[in-house]
Amino acid sequence: MATIDYESKIPNNVDLASDKRLQRALEKWQPDYLDWWKQMGPTDFEDKDIYLRTAVSVESAGWAHFGHVKMPDYRWGIFLEPHAADRKVSFGDHIGVDAWQEVPGEFRTDLRRIIVTQADTEPASVEQQRLLGHTAPSLYDMRNLFQVNVEEGRHLWAMVYLLHRYFGKDGRNEADELLERRSGNEDRPRILGTFNEPITTWLDFFMFAMFTDRDGKFQLLALAESGFDPLARTCKFMLTEEAHHLFVGQTGIGRVIMRTCEVMNAYPDADVTEHGVVPLDMIQRYINFWVSSSTDLYGGEVSSNAANFFAAGLKGRCYEEKRYTEHTAMQESYVIEKLVDGKIVKEEVPLRNALNEVLRTDYLDDNQKGVDYWNRILSKANIDFEFCLPHRRFNREIGIYANNRFDTQGNPLTEAEFVANQDKWLPKDEDRQYVSSLMVSVTEPGKYAGWIAPPSKDLNGQAADFDYVRL
Ligand SMILES: [Fe+2]
Ligand SMILES: [Fe+2]
């Protein structure tokens, strides 16, 4: 099952040719997908050759092939990790039964909802990023953007395969609707809030790839534990692609910081905006915005849905099998902090009901590693500044903190106190205008815009002036 069939119209390692009905249904969806891509994918670069990696196997060693391709010719397909013969459901109420190869009837609705919610984020991010090619700070960055875009397209394929293969007519309808919703559209928005936020600058793009793609990583980690085996196997392969998106975000922001440090050291008394780089406090405000928005993606702190998904064996904790010894989550409780009469009080809730919060905590810990990486850049440059994550209560729109105001340390505030300080914590109009003013397209191989440092290493051993995109 590991080899990929590139001969058929839809590349796959799921023996699509043996299921003619399914193959026909997906081949019917394929032109609609391509229409969507042409309409909503990256603008104006369809006929350019881009140095992209394509999956050639799902084995962890050497799964990717690099070469120049036009994006519409990218071989989007269906790749699942190989099937492990004796896999069992490893958590919840059904521990020890054989992992499901078909959808158990009683979980059909929940499972469909989980898959559609994940699927919807994939085309959404392509839509959010579609104009960025025009202001890429270098060909290296432009290529990375397009790589992320085609892979999000492939992730949509991965989820649509599950919908078509396992959910009959309902699944096919859902697959069609995935091509009909539009990020930021008032009438038919994407399902989750952050995926309707505009991404108009490269600073926003790097923040999104760092913090919002990382939400994707943790959702996929939780679904990779699923007792529904095809979903687990799909998510495992998506995770290998996702790692690159996170790399683009983390190193992208790192390079912005590095460039600002260079200017600060060269002109110690200057206002760095006079030298066309992004001030560190402005970067912090962008961090505060994208972290708080992405933190909402985990849903309510206390959630009966999360408990049901876990009980059913559909969605685990991340690294459920590796990391935990007790897999029912029935014995323990979890402490949630609540605001009661203006004070933070602790409340114990059954662990199963707190699983959104458990996943959110793993996510925030992982974010911290990226922040530490940026702080090392600052200290190497001898710059006295420290980035930090905003508190999980800051600027939330979903969950138990949504109706109250908090500062970036998590202390409760009145609405008036929040409004008075908001410009210190979140990007203000001037910030957005300034960052937008820096966005100029640099298309000479090996050259970079003035607000960002070159990467420490080029991609796949290429030379610094490699033509990642042939314009
Ligand atoms: Fe994705
Ligand atoms: Fe991603």
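In which helix is M264 found? I would like to begin with that residue, and I should say straight away that what we are looking at is a predicted model. M264 sits in helix α6, which covers residues 229-266. With 22 other C-beta atoms within 10 Å, and with 20 or more being enough for a residue to count as buried, M264 is buried. If we set aside residues up to four places away in sequence, M264 touches V272 and I383. There is also a long step along the chain to notice here, since M264 and A381 are 117 residues apart in sequence, yet their C-alpha atoms are 9.4 Å apart in space.

Let me now step back to the chain as a whole. It has 12 helices and 7 strands, and its C-alpha atoms fill a box of roughly 70 × 60 × 40 Å along the principal axes. For 471 residues, a compact globule would be expected to have a radius of gyration near 23 Å, and the chain agrees with this because its own value is 23 Å. Of these 471 residues, 45% count as buried. If we take the contacts between residues at least 6 apart in sequence, 69% of them join residues that are at least 24 apart.

From there we can turn to the interior. In soluble globular proteins, nonpolar side chains tend to be buried together. The largest nonpolar core in this model has 62 residues, and the members that touch the most other members are I78, I115, M159 and V160. Helices α1, α2, α3, α4, α5, α6, α8 and α10 each supply at least two residues of this core, and α3 gives the most, with 9 residues. To see what the surroundings of one such member look like, take I78, which, leaving aside its neighbours within four places in sequence, is in contact with I10, N12, V14, L16, W157, A158 and Y161. A second, separate core has 49 residues, and F211, V277, I283 and F289 are among them.

Two of the helices deserve a slower look. Helix α2 has 21 residues and reaches 30 Å from its first C-alpha to its last, which is close to the 30 Å expected at 1.5 Å a residue. Because 15 of those 21 residues are buried, α2 is largely enclosed by the rest of the structure. Helix α8, residues 304-312, has A306, A307, F309, F310 and A312 as its buried residues, and these pack against α2 and against α10, which spans residues 355-380. Just after α8 comes G313, which takes a positive phi of about 85°.

Next, the strands. Strands of a sheet pair through backbone hydrogen bonds, either parallel or antiparallel. Here, 3 strands form an open sheet in the order β2-β1-β7, and the pairing is antiparallel. The edge strands are β2, residues 64-70, and β7, residues 469-470, and each of them pairs on one side only. Strands β1 and β7 are joined by 2 bridges, and the partner of I50 in β7 is V469. Helix α3, which we met as a contributor to the core, lies across β1 and β7 and runs at about 45° to β1.

Elsewhere, strand β3, residues 333-340, runs antiparallel to strand β4, residues 343-350, with 8 bridges joining them. I336 stands opposite E347 in β4. The two strands form a hairpin with 2 residues between them, and D341 in that turn has a positive phi of about 50°.

That brings me to a last point, about backbone angles. Most residues other than glycine have a negative phi. D15, however, has a positive phi, near 55°, and its place is in the segment before α1, the helix of residues 20-40. D44 also has a positive phi, of about 70°, although it is not a glycine, and this residue lies in the loop between α1 and β1. Are D15 and D44 buried or exposed? D15 has 10 other C-beta atoms within 10 Å, and a residue with 12 or fewer counts as exposed, so D15 is exposed. D44 likewise has 10 C-beta neighbours inside 10 Å, and therefore counts as exposed. Whereas M264, our starting residue, is buried, these two aspartates are exposed, and I will stop there.

Notes
Residues numbered from 1 in each chain as written. Chains lettered and ligands numbered in written order. Predicted model: local features only at pLDDT ≥ 70, side-chain atom pairs only at ≥ 80, totals over all residues. Helix = DSSP H or I, 4+ residues; strand = E, 2+ residues; numbered from the N terminus. Contact = placed C-beta atoms within 7 Å. Core = buried A, V, L, I, M, F, W, Y, C linked by C-beta atoms within 7 Å. Pairing = 2+ DSSP bridges. Axes fitted to C-alpha atoms, helices over the stretch in contact; angles between N-to-C directions. Rg over C-alpha atoms; globule rule 2.2 N^0.38 Å. Expected span 1.5 Å × (residues − 1).
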